[in-house]
Structures are given as structure tokens and as C-alpha cells.
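Colleague: Please take a close look at one part of this model, the aromatic residues and the helices around them. I would like one connected account.

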Amino acid sequence: MEKKKNNFIKQAGWFSILVSALALIAIIAFGLMPNSDTTVYKGILGSVTAFFANSILGVSKFFGNSYGYGIIGFTILIRFLILPLMAYSTSSSKSMAKVTPLIKKVQDKYKGKRDRDSMTNMQAETSAIYKEVGVNPYASLLPVIIQLPVLWALFQAVSSTPTLKTGSFFWLQLGKSDPYFILPILAALFTFISSWMSTASLGKDQPGFAKAMPYIFPFIIFFSSMAFPSALSLYWVATNAFQVVQTFFLQNPFKARAEERMAQQAETDRKRAITKTLRKSRKRRK
């Protein structure tokens, strides 16, 4: 457990952990601010909904009672809150990209073998590679999983809080879907850009499903945003726009691709040098 904690801190970085702690303090502070909404929430889930609603209303007060900007501000705080998970996930994804060729060799070794012993050995060898490199193959799912309860709580907060449900932001009524489909299009667009940048930064040695995600996930977001209240669509737009900026600084696909091309060129030059040396050696022998 101690080793896993140290590994997480190493990959996430103390700066992201500090930012996350400050975001948590801000969210709690906004959540404890008094507001004029008289909605009564019951039970544990109701308490969670109330906390989210109060936090959004608190942030909205900071922006002059603009509930749209309140949701955007709250979204940014959530993104800062999960920043260590994002940094850890990014670091793990980069390590995963490096071990993918090794995993493929193991899979090729047991290709066509479906008996119990072969499958067990393949899983054992794969796990050994992950353990040796210190990679968690499921780390990339953490940011997505952690946002599911956030989405649920946000949906409940908007649906159950009259102030948010009837609040407006430009052409939107936050409790209803976008009538012009502008937010769904923006949400899908930013999802595609952030997914493409993440995939492009990891190189070519990736599973097929990873390469397909930038083209599949935006459609899911688009049709979901059409059905959900504008508040959730606004959350998706803000969170994926933030993701684009974050991905550029944490992964920078353009820099990664340039480094990949340089590495490939260096490998090509090395092979040419070896071939040239061997040819000279053969000529001398003759």
C-alpha cells in the first residue's frame, strides 16, 4: 500500500496535489455559503445533492448570480480537484504505450491457444510486465469513473433546485435541453479534440479500441447532450475545453510526435551505421 501511494505521488506530482487540495477547500467553502433556495433535500443522496447545489449557487454569487458562469466555475474547480488523477492517468498512459509492444509479444506467443493453462500463463506474464514497469492498466479509467458521480449529482442538483432549474444563461434555460444544439456540438467537438490529442501523444503502438475512441466518444457525448438539461451540456463543454488545454500542457501530441519521429530517425541512422560498418568489414576481409 505504501509503495502504491508513493508511486501515485511520484506520477501525480506534489503541485497537482496542492492544486487539488485548494480546489477542495474552495468547493467546500462555496458549499457552506448560505443561499436563498428553500428546497428540502432528504437522505444521504439528498445531502450530496444539496452540497453540489449550494456549491454551484455559491460560485454563481461570485459571478454576480450568473448560474451559467457558476456551473462553468464549479466545473473548473472539479477539474482542479481531480488534477492528480489526470496527471497519474497521463503518466500511466505514457508508460502503457511503452510496454504495449511487450504485451503484444506475449499475446502473439499464445495466439490461437485458448486452453486454460495458456490463458493463465498469458495473464501471469502480462501482469508481470505491468508490475515490473509499475503500470496500472486501469489508471486511464479513473478520471472517467470519478466524473460519473459528479454528473449524477449535478443532474440531481439542477433537477431538484428551482433556482438552477429555471436559471438562464444566454439563450439557454439550464433545466432544459439546448433548442439550437449549439452546446451538444461544442461538447462533441471539444471531446474529439481532447481525445485525439491524448491518443496522438501516445504514439502508434496502441490497441485498436484506443485509436477508435476519438471517433466514437464524441457521438456518445453529442446525443447525450441533446437529451440532458443544458446545465449538463454546459458542464461537458467546460470540462472538455479544460481537457484540451490540460492535454496540451501535460501530453502535447505535437511534441510527442516530433520526438517519435526523431527516435525513429535515430534508429534508422543506427541501423544504417551498423550495415555500413559490416560492409566495410567484409571488404577488408576480401
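Modeller: Phe51 is a suitable place to begin: its relative accessible area is 28%, so Phe51 is partly exposed. This is a predicted model. Phe52 has a relative accessibility of 11% and therefore counts as buried, the limit being under 20%. The rings of these two residues form a pair, with 6.4 Å between the centres of Phe51 and Phe52 and 80° between the planes; an angle over 60 degrees counts as edge-to-face, so this pair is edge-to-face. In total, the count of aromatic pairs comes to 10.

Phe51 also takes part in a helix contact: in H3, Phe51, Asn54, Ser55, Gly58, Val59 and Phe62 meet Ile27, Ile28, Phe30 and Gly31 of H2. By class, six residues of this contact between H2 and H3 are nonpolar and four are polar, with no charged residues. The axes of H2 (residues 14-31) and H3 (residues 43-62) come within 7 Å and cross at roughly 95°. The two helices, H2 and H3, are therefore roughly perpendicular to each other.

Phe30 and Phe62, from the two sides of that contact, also belong to a cluster linked by ring pairs, together with Phe63, Tyr69, Phe169 and Phe170.

A further pair involves Phe80, partly exposed at 30% relative accessibility, and Phe242, buried at 19%. Phe80 and Phe242 are edge-to-face, 5.4 Å centre to centre with 90° between the planes. This pair links distant parts of the chain, since Phe80 lies in H4 (residues 67-81) and Phe242 in H11 (residues 230-250), 162 residues apart.

Definitions and conventions: Residues are numbered from 1 along each chain as its sequence is written. This is a predicted model: local features need pLDDT of at least 70, side-chain atom pairs count only at pLDDT 80 or more; totals for chains, interfaces and linings use all residues. Side-chain values use heavy atoms; hydrogens and water are left out. Axes are lines fitted to C-alpha atoms, for helices over the stretch in contact, and angles run from 0 to 180 degrees between N-to-C directions. Helices (H or I, at least four residues) and strands (E, at least two) are DSSP runs, numbered from the N terminus. Angles under 35 degrees count as roughly parallel, over 145 as roughly antiparallel, 65 to 115 as roughly perpendicular and the rest as oblique. Contact means heavy atoms within 4.5 Å. Ala, Val, Leu, Ile, Met, Phe, Trp, Tyr, Cys and Pro count as nonpolar, Asp, Glu, Lys and Arg as charged, and the others, Gly among them, as polar. Rings of Phe, Tyr and Trp (its six-membered ring) pair if their centres lie within 6.5 Å; planes under 30 degrees apart count as stacked, over 60 as edge-to-face and the rest as tilted. Buried means under 20% relative accessible area, exposed over 50%, partly exposed in between (1.4 Å probe, protein chains only).
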